[in-house]
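Open the structure in your viewer and get ready to select as you read. We will make a few short stops.

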Amino acid sequence: MTQVNMTVNGKAASGDVEGRTLLSSFLRDQLKLTGTHVGCDTSQCGACVVHVDGVAVKSCTMLAAEADGADVATIEGQANPDGSLNVIQQAFQDHHGLQCGFCTPGMVMSTAALLKGNPKPSEAEVRAYLEGNICRCTGYHNIVKAIMAASGQDVGAIAAE
Amino acid sequence: MYNFEFEKPETVADAVAALAPEDAQALGGGQTLIPTLKQRLASPTTLVSLKGIAEMQGVCKGDDGSICIGGATNHATVAAEAGDYPALAETAAHIGDPAVRNRGTIGGSLANNDPSACYPAAALASGATIVTNSREIAADDYFQGMFTTALEDGEIVTEVRFPVPEKANYQKFVQPASRFALVGVFVAKYSDGVRVAITGASNDGVFRWAEAEAALTANFAPEALDGLSLSGDDMISDLHGTGAYRAHLCNVITKRAVTAAA
């Protein structure tokens, strides 16, 4: 076992991990931050996306030891300081961008990463960016709408094809 | 996943030392290796992360105008910073998905030599030089079949040097579920000739299509490929496509790459 230390959602976090402990396992099992979901565990689905040092990664395909010393952001740190939903989360609610909600933490974290680098993405850019986030409920149209709305763009033209 | 010790050296020399034991394994971005470990297809006793080695990070320009990429540089960085070789940056920008591109490294991809990976086609078509901790290897000598390279045990890809072509393009026909290349073709036109490298198709991994190279060197236009064909006998056949189908795709996708590059 080795000790890892990282900052998670702005707070210092540490724990003893095995070499094989995944970042997703460390977050969920040791820090009890279960908002990060593990869907496929094969780096396909994106439900486990978190930010490590400001970029989106699949936490089921990164070792906790690799994140030693890193700044990690998870879905639990996304709400506004007063507890209300942030712009992205609110847009997902407003536009029905979720049904069962399992993929939503990863969708929100991927959206945050997308909008950080590309504040006004086109619909095509949004769809391309979500290549690594799988949703089996919505058919994606309302997720795309939510992301366009979160970026302050008109969503009236986005038809449910 | 079986358990292992984790090490993260800060220099190439320390990494080479850490990799000396027989069951030690280098870890790039882990986007292939970690899923492989989960399936218990590998059981190293020690994983040696190469991500802490500063000298293996980043994109720079060599004195001869070539693009030099540190072995531990992730795909997103290559996509953003290899603009002097646009086709290479574009190739990196379409590997995997955004989160994978933030972790996966060029050295890891080339060391693994997955028969459907994109970077081997880029390196082979560019006549790149694979630099390791102990030597420099020409791409033509480096790729030696599916998941097989010239690397010795414990040898690390520290840098990859790409001569910048006059024109180039990579086209990938993706398998719609995995998004890996069913067939991917990288075409690069240099002053002394055209090189064509194909990934995804062959049982022997990435390969050069000599007949197409000769035709395109004489006339860099898609119609130069009319009538040329590869045999499907040694191509990958699976539920996504037969060898004959992949062989046909090689011509079609090469034409698309030439059209896009010309």
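Start by selecting Gly152(A), just after helix α5(A): this residue takes a positive phi of about 80 degrees. Keep in mind that you are looking at a predicted model.

Now step back into the helix itself. Select residues 141-150 of chain A, which form α5. Is this helix enclosed or open? Of its 10 residues, 9 are buried, so the helix is largely enclosed by the rest of the structure. Click through the buried ones: Asn142(A), Ile143(A), Val144(A), Lys145(A), Ala146(A), Ile147(A), Met148(A), Ala149(A) and Ala150(A).

What do they pack against? Add three helices of chain A to your selection: α2 (87-94), α3 (104-117) and α4 (123-129). The buried residues of α5(A) pack against these.

Next, switch to chain B. Colour it by secondary structure, and look for 10 helices and 12 strands. Turn the chain around. Its C-alpha trace spans about 55 × 45 × 30 Å along the principal axes. A compact globule of 262 residues would have a radius of gyration near 18 Å, and chain B agrees because its value is 18 Å. Buried residues make up 52% of the chain.

Last stop: the place where the chains meet. Here 20 residues of chain B are in contact with 22 residues of chain A. On the chain B side, select β1 (5-7), α2 (33-38), β3 (46-49) and α5 (98-101), which each give two or more residues. Then colour this side by class: you should find 9 nonpolar, 5 polar and 6 charged residues.

Note on methods: Residues are numbered from 1 along each chain as its sequence is written. Chains are lettered from A and ligands numbered from 1 in the order in which they are written. This is a predicted model: local features need pLDDT of at least 70, side-chain atom pairs count only at pLDDT 80 or more; totals for chains, interfaces and linings use all residues. Two residues are in contact if their C-beta atoms, placed from the backbone, lie within 7 Å. Helices (H or I, at least four residues) and strands (E, at least two) are DSSP runs, numbered from the N terminus. Ala, Val, Leu, Ile, Met, Phe, Trp, Tyr, Cys and Pro count as nonpolar, Asp, Glu, Lys and Arg as charged, and the others, Gly among them, as polar. The radius of gyration is taken over C-alpha atoms; the globule rule is 2.2 Å times the number of residues to the power 0.38. A residue is buried if 20 or more other C-beta atoms lie within 10 Å of its own, exposed if 12 or fewer, and partly exposed in between; C-beta atoms are placed from the backbone.
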